[in-house]
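Here are a few exercises to work through with the model open in your viewer. Try each task before reading its solution.

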Amino acid sequence: MKLSFETLQKEFKRVLVSRHVKPDVADECATMFAQTTESGVYSHGVNRFPRFIQQLDQGDIHPDAVAKKILSLGAIEQWDAQRSIGNLTAKKMMDRAISLASDHGIGLVALRNANHWMRGGSYGWQAAEKGYIGICWTNSIAVMPPWGAKECRIGTNPLIVAIPGSPITMVDMSMSMFSYGMLEVNRLAGRELPVDGGFDDNGQLTREPGVIEKNRRILPMGYWKGSGLSIVLDMIATLLSDGASVAEVTEDNSDEYGISQIFIAIEVDRLIDGATRDAKLQRIMDYVTTAERNNPDEAVRLPGHEFSRLLAENRRNGITVDDSVWAKIQAL
Ligand SMILES: NC(=O)C1=CN([C@@H]2O[C@H](COP(=O)(O)OP(=O)(O)OC[C@H]3O[C@@H](n4cnc5c(N)ncnc54)[C@H](OP(=O)(O)O)[C@@H]3O)[C@@H](O)[C@H]2O)C=CC1
Ligand SMILES: O=C(O)C(=O)C(=O)[C@H](O)[C@@H](O)CO
């Protein structure tokens, strides 16, 4: 079905207010869920809303909590999210990193006791829209086997790198070949994955999303490389925030809460003049996109470059929402 931004936002807000979330907080949180969905990231917008409400109902998320600053070291700050709402707090923390970067050239906020921030790309994009390079990542509960293992011991720990420019270029990627959210999107659409996404119960590579969602033998992106990167991202987030690692979240908490996140903003414009910056970026983009195509019908593109088109299409035609997901939300 197709729904408007307003319908989505209103329904998200209704559910949040029914859980006694303050109206202004509910309004902002609902807006972020609707914006993520409108941008085309259905996996961590509308599709993930029921799971968010489940965590709210369980008491994992504290809707009245507000993040507080613990420590300041000039360009670096440490904050405690106090288990507040993940997307709202992440937005505030990237704003804080941007403000530090405007003073120091670079700003880094390390956050502990956080909750799932949904679409990590929202915060990279937020920095890039203001002219800053945005880099952020989060850890998670253990949902992926390290390379060579069968048992989940590492996080999907998505990494986001956003570059300001026209258009913004942004990589927003799980450390698994597919996020669980994208496995769900493919399963709901009745599609096989375009490449192998994990192992089946017999240890054979598989493209069946449902099999991997169930047995959790998801493949790290780049095999051992994604496995290693997931581990070091977890280590940095844990150390700088003095927060919980994937091991601690998994062994000490009953679910995915109390996680650790990093937000970095870097000011570009004091390091290079505007005309040179634009020319250099344009040359990179042109060089990449004019590579001889493997499939003549499929353009070579840069990450993040589809969002403006997707957003415009969704605004014009309405936002596609899976019927079963919408029924679930309406029943909340
Ligand atoms: N714990 C958490 O918080 C987690 C959150 N997530 C979130 O889930 C969302 C989805 O993540 P994931 O499934 O890894 O994302 P995808 O695998 O869909 O995309 C990963 C990256 O690859 C780029 N890309 C994909 N196809 C191409 C292509 N043909 N050419 C060039 N670039 C391409 C994407 O750009 P483009 O966007 O332009 O398609 C994106 O930057 C993210 O928002 C992520 O933050 C994921 C895991 C855990
Ligand atoms: O992979 C995802 O999608 C995601 O968003 C996650 O947070 C974790 O990997 C996990 O909680 C999915 O069950």
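**Exercise 1. Find the residue that UniProt marks as "active site", and decide whether it is buried or exposed.**

Start with the record: the unreviewed UniProt entry puts the feature "active site" at H44. Keep in mind that you're looking at a predicted model. Next, place the residue: H44 sits in the loop that links α2 (23–38) to α3 (49–58). Now count: H44 has 28 other C-beta atoms within 10 Å. The cut-off for buried is 20 or more, so H44 is buried. Finally, look at who it touches: skipping neighbours within four places in sequence, the contacts of H44 are T36, M118, R119 and G181.

**Exercise 2. List what surrounds ligand 2, and sort that shell by residue class.**

Go round the ligand and you'll collect H116, S140, I141, V143, T156, S174, S179, Y180, G181 and E256. Sorting them gives six polar residues, three nonpolar ones and one charged. One of these shell residues, G181, already turned up as a contact of H44.

**Exercise 3. Work out how many residues surround ligand 1, and which element gives the largest share.**

The count for ligand 1 is 24 residues, and the closest are G120, S174, S179, M182 and P303. S174 and S179 also belong to the shell of ligand 2. By class, you get twelve polar, eight nonpolar and four charged residues around ligand 1. Then check the elements: β7 (169–173) and α6 (180–188) supply at least two residues each. The largest share is from β7, with three residues.

**Exercise 4. Look for unusual backbone geometry: which peptide bond is cis, and what is the phi of Q82 and of D242?**

First, the background: most peptide bonds are trans, and a negative phi is what most residues other than glycine have.

- The cis bond runs from S166 to P167, with omega near 0 degrees. P167 is in the loop between β6 (159–163) and β7.
- Q82 isn't a glycine, yet its phi is positive, near 55 degrees. Find it in the loop between β3 (76–80) and α4 (86–104). Q82 has 17 C-beta neighbours inside 10 Å, so it counts as partly exposed.
- D242, again not a glycine, has a positive phi of about 55 degrees. Its loop lies between α8 (224–241) and α9 (246–252). With 13 other C-beta atoms within 10 Å, D242 is partly exposed too; the exposed class needs 12 or fewer.

Methods:
Residues are numbered from 1 along each chain as its sequence is written. Chains are lettered from A and ligands numbered from 1 in the order in which they are written. This is a predicted model: local features need pLDDT of at least 70, side-chain atom pairs count only at pLDDT 80 or more; totals for chains, interfaces and linings use all residues. A residue is near a molecule or strand if its C-beta atom, placed from the backbone, lies within 6 Å of it. Ala, Val, Leu, Ile, Met, Phe, Trp, Tyr, Cys and Pro count as nonpolar, Asp, Glu, Lys and Arg as charged, and the others, Gly among them, as polar. Helices (H or I, at least four residues) and strands (E, at least two) are DSSP runs, numbered from the N terminus. UniProt positions are given in the numbering used here, feature names are shortened, and annotations may be inferred rather than shown by experiment. Two residues are in contact if their C-beta atoms, placed from the backbone, lie within 7 Å.
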